[in-house]
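Welcome, and thanks for opening your viewer. Below is a short walk through one model, stop by stop, with something to select each time.

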Amino acid sequence: MNIDRFKHEHIDILAQIDKLRTLSHAGPVEQAAQIARGIVAISSTIRLHLAVEDRMLYPALQAGSNAELARLGAQFQQEMGEIASRFMLFVRRWNTAERIAADPEGFRAEANVELRSVYDRMRREDRDFYPRIEAEEALALR
């Protein structure tokens, strides 16, 4: 399995989060249309990323010979399911310019929590999970 695909998707998602933060700092009311488009875009990217992980990454780890990596994969998958559920509620609540403009402070407060949650999770995968998978793959090539 090539983990590079997942790492590149993380880079894309993190860049989208940064763009949403920039737009929010510029003013949720003034930037409401761009923020709403960005929320819809990032939700599509995240859904696709999670679907590929669920279909490829986690089953491969479960089928592999490293029980610790399989356990870690199951833990990460369960945790991400909870984060993704909250994030998709956020997306449904704030996917239109009208909703953002009507409650800019509510949007900011929830965006700070949910975008931070996704951001932190992806950074944790990049730091604690993907390197272990790469190390296991390197051992298998020997």
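## Stop one: two helices side by side

Start by selecting helix α3 (residues 67–93) together with helix α5 (residues 104–141): their axes come within 10 Å and cross at roughly 160°. That angle makes α3 roughly antiparallel to α5, because angles over 145 degrees count that way. The crossing of α3 past α5 is left-handed. Now colour the contact between α3 and α5 by residue class, and you should find 13 nonpolar, 4 polar and 12 charged residues.

## Stop two: the whole protein

Zoom out and show everything as a cartoon. This is a predicted model, so it helps to colour by confidence before going on. The pLDDT of the protein averages 95, and 100% of the residues score at least 70. Where is confidence lowest, and where is it highest? The lowest mean, 94, belongs to α5, while helix α4 (residues 97–102) has the highest, at 98.

Next, trace the chain from the N terminus: the elements run α-α-α-α-α. In total, the protein has 5 helices and 0 strands. Its C-alpha atoms fill a box of roughly 55 × 20 × 20 Å along the principal axes. If you switch to a surface view, keep in mind that 39% of the 142 residues are buried.

## Stop three: charged pairs in α1

Side chains of opposite charge can pair when their charged atoms come close. Across the whole structure there are 13 salt bridges, and the next selections pick out some of them.

Select R5 and E9, and show their side chains. They form a salt bridge, with N and O 2.9 Å apart. Both residues belong to helix α1 (residues 4–26), where a spacing of 4 residues puts about one helical turn between them. Is E9 buried or exposed? With a relative accessibility of 16%, E9 counts as buried, because the cut-off for buried is under 20%. Its partner R5 has a relative accessible area of 39% and is partly exposed.

Move along α1 and select D18 and R21. Here too there is a salt bridge, and the closest N and O atoms are 3.5 Å apart. D18 and R21 are 3 residues apart in helix α1, which means about one helical turn separates them. D18 is partly exposed at 38% relative accessibility, and R21 is partly exposed as well, with 24%.

## Stop four: back to α3

Return to α3 and select E68 and R71. How far apart are the closest N and O atoms of this salt bridge? They are 2.5 Å apart. Within helix α3, E68 and R71 sit 3 residues from each other, about one turn of the helix. Relative accessibility is 40% for E68, which is therefore partly exposed. R71, at 42%, also counts as partly exposed.

## Last stop: a network

Finally, select E79, R121, R124 and E125 with side chains shown. These residues are linked in a network of salt bridges. Keep α3 and α5 displayed while you look, since E79 falls within residues 67–93 and the other members of the network fall within residues 104–141.

Technical notes. Residues are numbered from 1 along each chain as its sequence is written. This is a predicted model: local features need pLDDT of at least 70, side-chain atom pairs count only at pLDDT 80 or more; totals for chains, interfaces and linings use all residues. Side-chain values use heavy atoms; hydrogens and water are left out. Axes are lines fitted to C-alpha atoms, for helices over the stretch in contact, and angles run from 0 to 180 degrees between N-to-C directions. Angles under 35 degrees count as roughly parallel, over 145 as roughly antiparallel, 65 to 115 as roughly perpendicular and the rest as oblique. A crossing is left-handed if the near helix is turned anticlockwise from the far one by less than a right angle, and right-handed if clockwise. Ala, Val, Leu, Ile, Met, Phe, Trp, Tyr, Cys and Pro count as nonpolar, Asp, Glu, Lys and Arg as charged, and the others, Gly among them, as polar. pLDDT is the predictor's confidence in each residue, from 0 to 100. A salt bridge is a side-chain nitrogen of Lys or Arg within 4 Å of a carboxyl oxygen of Asp or Glu. Buried means under 20% relative accessible area, exposed over 50%, partly exposed in between (1.4 Å probe, protein chains only).
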